[in-house]
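Here is a relaxed walk through one protein chain, for anyone meeting it for the first time. Have a look at the sequence and the 3D view, then read on.

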Amino acid sequence: MTAASFFQAIRRFWWATLALALVGAILGAIPEPATTAETSTTTYSAHFSILLSTDDLNGVQNSSLVNQLMVFTTRGEVPKRAAVSLGQQEAEGPVLASQVEVIVDTNASSVDISTVQPSADDAVAIVNAFGDELVTFIAEHQDEVRTTRLDRLLERQLELEQQITDLQGDLADDPNDALVLAKLEAASRQYSVVTEQYDTISNSISTLTLSPLERGVAIPVTTGSGGLGAPKSRTTRGAL
């Protein structure tokens, strides 16, 4: 085909050429479907590890206090103290406790306190606060419980001693009073039981000791999620 014949064909079928150009322009303007864009979020986890030991011959596994460590960590005094140590009000303790996970492993004789936070500093500060306060509280709690029990037993001893003295006086006035004699024997038995309990607790060395093994260290955790990217037209894509 010569150049002259080619241009003659274009002039003859100009309408077809124009139609094809319009169709191409329309198709190029249609946007592509939105594409999935990957996004990522980084948070920080931290752990506070504690080792458990006891003077009890039955071992850590049989300590009733071990079974209460999770409760002590997330309820009551420990969360309040942790909040204060972080510069917050005691009332914020339960909120902080809800962000903490506690795992008590009796087989490994250990406690793991962990949290996940948006910043590394927050994660480390929270687990350190809860770990430190738990160690301190358990030591104080055991001393307080032991002292309270001894005080109650000592008070009961003194009461029974006074009862025995009074009953002995009554019995001296009437040696044949069977009722007084029965009361004296009952008070004497109670006194023996209380004295034995007092001596047992006084000589007991069964103490649960919590020793920090590793303080909080922040570990970044990155998670990915899909999102919708902006659609592009074929015209724009062609320009790019």
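A contact here means heavy atoms within 4.5 Å. By that yardstick, among the contacts in the protein chain with a separation of 6 or more, 78% are between residues 24 or more positions apart. Keep in mind that this is a predicted model.

**The overall layout**

The protein chain has eight helices and five strands. Read from the N terminus, their order is α-α-β-α-α-α-β-β-α-α-β-β-α. Of the 240 residues in the chain, 26% are buried. The accessible surface adds up to about 15,600 Å², and carbon and sulfur atoms account for 56% of it.

How far can you trust the picture? The mean pLDDT of the chain is 80, with 74% of the residues at 70 or more. Confidence peaks in α4, at 96, and bottoms out in helix α8 (residues 234-239), at a mean of 40. Across residues 233-240 the pLDDT is below 50, and this stretch has 13 contacts in the model beyond near neighbours in sequence.

**The nonpolar cores**

In soluble globular proteins, nonpolar side chains tend to be buried together. In this model, the largest nonpolar core holds 29 residues, and those touching the most other members are Ile50, Leu52, Ile113, Phe130, Leu134, Ile138 and Leu210. Several elements supply at least two residues each, including β1 (36-54), α3 (69-74), β3 (110-117) and β4 (208-214). The biggest giver is α6, with nine residues. Another core, of six residues, lies apart from this one, and Ile164, Leu171, Val180 and Leu184 are among its members.

**Two buried residues up close**

Leu69 and Thr115 make a handy pair to look up in the 3D view. Their details are set out here.

| Residue | Element | Relative accessible area |
|---|---|---|
| Leu69 | helix α3 | 0% |
| Thr115 | strand β3 | 3% |

Leaving out neighbours within four places in sequence, Leu69 is in contact with Leu52, Val104, Val111, Leu134, Ile138 and Leu210. Take Val104: it sits 35 residues from Leu69 in sequence, yet their C-alpha atoms are 7.4 Å apart in space. Ile138, for its part, touches Leu65, Leu69, Phe72, Leu208 and Leu210, again setting aside residues up to four places away in sequence.

Why does Thr115 count as buried? Its relative accessible area is 3%, and the cut-off for buried is under 20%. Not counting residues up to four places away in sequence, Thr115 touches Tyr44, Ser45, Ala46, Gln99, Ala123, Ile126 and Val127. The side chains of Thr115 and Gln117 are joined by a polar contact of 2.9 Å.

**One side of a helix**

Which residues of α4 are buried? They are Val78, Pro79, Ala82 and Ala83. These four sit on the same side of α4, because they cover an arc of only 135 degrees around the axis. An α-helix has 3.6 residues a turn, so residues three or four places apart point the same way. The buried residues of α4 pack against α3, α5 and α6. Just after α4 comes Gly87, with a positive phi of about 80 degrees.

Technical notes: Residues are numbered from 1 along each chain as its sequence is written. Side-chain values use heavy atoms; hydrogens and water are left out. A nonpolar core is a set of buried Ala, Val, Leu, Ile, Met, Phe, Trp, Tyr and Cys residues joined through side-chain atoms within 4.5 Å. Buried means under 20% relative accessible area, exposed over 50%, partly exposed in between (1.4 Å probe, protein chains only). Accessible areas come from the Shrake-Rupley method with a 1.4 Å probe; for residues, only the protein chains shown count as cover. The arc is that of the directions from the helix axis to the C-beta atoms. A polar contact is a pair of N or O atoms within 3.5 Å; within protein, one must be able to donate a hydrogen and the other to accept it, and residues adjacent in sequence count only if both atoms are side-chain atoms. pLDDT is the predictor's confidence in each residue, from 0 to 100.
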